[in-house]
Amino acid sequence: MAIRINLGYIDELNKYGAEDVQLCYQCGDCSTVCVHSDDIFNFPRKSMRRLQMGLERKIETTLEPWLCYYCGQCSDQCPREADPGETMMSLRRWLIARYDFTGIASRFFRSSATEVIAILAVALITGLFLFIYGKAGGSISIYDGEGAFLPSSFIHFFDLAIGSVLAVFLLINAYRMWHLTMNKGVSVRISPWLYLKHIFTFPLHFFTQKRYAQCESKNRNFIFMPWITHLGLMLGYVTMLVLVMVFIEELQHGPEIIWQVHLFAYAASLGLIIGTIYFIRSRLRKTAYVQFKKSHSTDWVFVILLFLIVITGIGQHILHRTGYYEAANITYILHLMCVVPWLLRMPFSKWAHLLYRPLAMYFAAIQKDALKKQLRLSEDHMITVK
Amino acid sequence: MRTGIFFCQVDENTLINTDAVAKYAANLQGVELVRILGLRPRLDAENLSTLIQSKALDRIIIAGDMPGYYKPVFTKAMAQAGGDPAEVRLASFREHGAQGEQALDRAKATVACASMAVPFSLVATPRRNPVHHATLVIGGGIAGIQASLEIANAGKHVYLVEQTGTIGGHMAMFDKTFPTLDCAACILTPKMVSVGQHDMIHLLTNSKVTEVSGKPGAYRVKIRQRARRVDVNACVACNLCSEVCPVKVESAFDSGISLRKAIYIPFPQAVPNAYLIDEESCTYVLSEGQKCGVCVKKCPKECINLDEPDTDTDLEVGNIIIATGYELLDVGKIEQYGYGKYPNVLTSLEFERLTNASGTTGGRIVTKTKQFNKKTQKDEWIFSKDGVPPRSVAIIHCVGSRNKKYNAYCSRVCCMYSLKFAHLIREKIPNVKCYEFYIDMRAFGKGYEEFAERIRHEGTFVVRGHTTKVEMKHEQMSVRGEDIMNDRIVEFPVDMVVLAVGLVPSAETENLSRILGISRDPDGWFSELDYNGNPTDTERGGIYVAGMCQGPKDIPDTVAQASAVAAGVLRSITSGRGIGHMDSVPLSEIEARAKILQTI
């Protein structure tokens, strides 16, 4: 089989953030320092090599970029300062773009201006639409109940509509990911039994991100801060997403607080606010870990937009409970102006790793099982020289 | 002759003020036209030929750094204008040494010579000045020894200054040399002995150069000789003093893997073969004569004088050879290999001393054993003769070399000595597993590739792929690496790890470069005059570099360079002029000489 080589691949990756790949001289230090690298999924050195050789078709079918959580140890000790950690990050960005069939993701990753303009446009359209809709059906000084500016039933419908658009895109992209990695990328036949056997890997990695916790093998600190905040942020986010999609009517109801729902909302908000502030601060200071040293434009959009969503969300809640209905309504519109572009952007942005990463862990577990049976790896890794 | 001068630069040169040179050139005889074309001009032969024709020029001078680059265009233009293409002449600044303080004068001189059609090198020969026949060699390693012997055998005096108590340097520490696996001591010690016995070599051990003044051919050197406190001529190295000495310190010669006394001889074959006192640990010296002094009473030859003062010596020499060698990089700052944390992680020099037949274990390769130190009340790990040989050894290449954080350069010898280690380990311990982790195998010399091939075939596991992890798991060290050729992540249990540590210039290099006025390259090695053409000369005439202090090199290269240096020294003595110090010739003299040559 002929191997297709894309000579411009390394330059293309440059736009996704990997700048120093060409410096790598293949010593393998990065692969040995990485706790996640093993015989079957061996990275980052191998990915660096494939990049240098322009093996685009090979990289698009691998799961390795998703198995990396970017603790930055590889970049820390790289003798050539070729930044393998950032390369893996860039490959993840590139893969998100590759899985996306619309081509929007690659446009966003390569041009920050396009992304910002798109976000602003969607935000303005949303704001305008909601304002006109609110004016037509109710009064700005009523928050909920009869004649409300933005009635919760409407918001519920609105959320579900956007959510289903999002789900369609995501599912198609996830299917493409499966096709590339599990169909094209594996030489052995994978029995459906294996899919069933490892099904628990997906929720396990989704909810615990335990591989991220393993990243801190050097024990610089007792708890690996990026992991715990990342986990808090993610759990908060998912909780909030479920609340908004399913329990929005209870959530928006006021002025009394429905504790069964609001308790979750408060906990989620806490996780989100701490997470976003931690990541923004780290990215600004560039000190703590290597992973914060380089920030792609999409990373900034991600944290800042999320931060705005959390702030406006909390703001409208407080204003509503304290009786400033007009201000609450306006803040709510601002909140939705952030939320809608955020949600619509999800399948085309960094956010998609929420789905892809645990999915990749699941696929990786299946692949490993299938390959191990085939290779029958010997217990002692003896290398014969002759 | 109607002359036109064109200044053009191929790259930025901040040393030379082109305007000043142009102003000077305009006043030269016969100069009709001076043009400054600037940095990397795009020249057109047509335009130039019209210019040449309009000014009726019959000589063109292209001045600048690497002006030859533009010669074809001017030759073409000259031919088109009907002139003589042979009259397109070059005045190259940098190639004729227009650097440093004299840069401007030198540039002017090259232009002046070109305008008179006199080759610069014919004119700018340094003035004859009487060269003192004695030579100073700084550093008594193999480079210093070789250079001293070459010069002394030619019948000239040599002062060999060595910082430690014996000559021999690092080579004396080695067991075998690569790729021939000859015994290093068998090559070195005869040379050391002949240095010690040579009539023309004055050996100054325990000494340092503190001051250098004068000019090429006549340097005045101040040397501070620390008191040896033992009479070199009387001492018979009977070891009685050392037996009674109560002080124990780490032996520098043994890379710290064994202990020696405060009165000691670095190794039995030392030259001069006499004991010496270590001032930094001797109880008598430290207490200023209040305590101890048992060795004096014990000495049968009565040759110990603990109150001997340091001495200063003034020398007059014609040439100076620097052969100060190297040190190992401080490997403690590279954490991931566990050096200093795990007992059986060794540097290359420590292993070299361990495997040496004259070493502390008599050449047996063993792992360290735990021993209780009564003085400090702590367990410590030491090499002892009844230690257990390791079952498996990992050798890690490129520790601190080719690494942007430590040494960006390749230390050149590590690959080969690591392969040598693998051979020695497999030779001495039956059924041992030996792993080499390398990035690129740099077997560059004569017979080296064959040696590498041989080691592979002997059964050493040579792993293409570096490692960063040396860990301790349940009392067992393990090394994790990537075997790139076999596409595996490997993890080997090992009992000993040898680090092929990168090389850095020796500590005194910086100080010496200040004393001698010799520049160093960004990595700290002494700069030679020209890497290809003049690898032994420095920018200061009469001062030469030999061996590792100029850059990492192996023993054959070091010996070759040392001999080459001797040739340079002898050349300067026989010709009666110091080499490469044309700075002493002023511009006016060059002009005058050129005028004379022009008329001939």
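Here are four short exercises on chain B of this predicted model, each with a worked solution.

Residues are numbered from 1 along each chain as its sequence is written, while chains are lettered from A and ligands numbered from 1 in the order in which they are written. As the model is predicted, local features need pLDDT of at least 70 and side-chain atom pairs count only at pLDDT 80 or more, but totals for chains, interfaces and linings use all residues.

**Exercise 1.** Work out how chain B is divided into domains.

- Start with the bounds, which come from an automatic or database domain assignment: domain 1 is 3-125, domain 2 is 127-226 + 310-325 + 506-584, domain 3 is 227-308 and domain 4 is 328-504.
- Next, take centres over C-alpha atoms: those of domain 1 and domain 4 of chain B are separated by 58 Å.
- Finally, put a box along the principal axes, and the C-alpha atoms of chain B fill roughly 95 × 65 × 35 Å.

**Exercise 2.** Find out whether B:G542 is buried or exposed, and why.

- Locate B:G542 in the loop between α14 (509-516) and β28 (543-545) of chain B. Helices (H or I, at least four residues) and strands (E, at least two) are DSSP runs, numbered from the N terminus.
- Apply the cut-offs: buried takes 20 or more other C-beta atoms within 10 Å, exposed 12 or fewer, and partly exposed falls in between, with C-beta atoms placed from the backbone.
- B:G542 has 29 such neighbours within 10 Å, so B:G542 is buried.
- Then look along the chain: B:G217 is 325 residues away from B:G542, yet their C-alpha atoms are separated by 6.3 Å.

**Exercise 3.** Describe how β21 (residues 433-438) of chain B connects to β22(B).

- Check the pairing, which needs at least two DSSP bridges: the two strands run parallel and are joined by four bridges.
- Pick one bridge: B:E436 has B:V462 in β22(B) as its partner.
- Add helix α13 (residues 448-457), and you get a right-handed β-α-β unit with β21(B) and β22(B). Right-handed means that, with the strands pointing away from the viewer, the path from the first strand over the helix to the second runs clockwise.

**Exercise 4.** Compare the loop residues B:Q377 and B:N431 of chain B.

- B:Q377 sits between β18 (369-373) and β19 (378-382), and B:N431 between α12 (414-428) and β21.
- Neither is a glycine, but phi is near 60 degrees for B:Q377 and about 60 degrees for B:N431.
- Count neighbours: B:Q377 is exposed because it has 7 C-beta neighbours inside 10 Å, and B:N431 is exposed with 8 within 10 Å.
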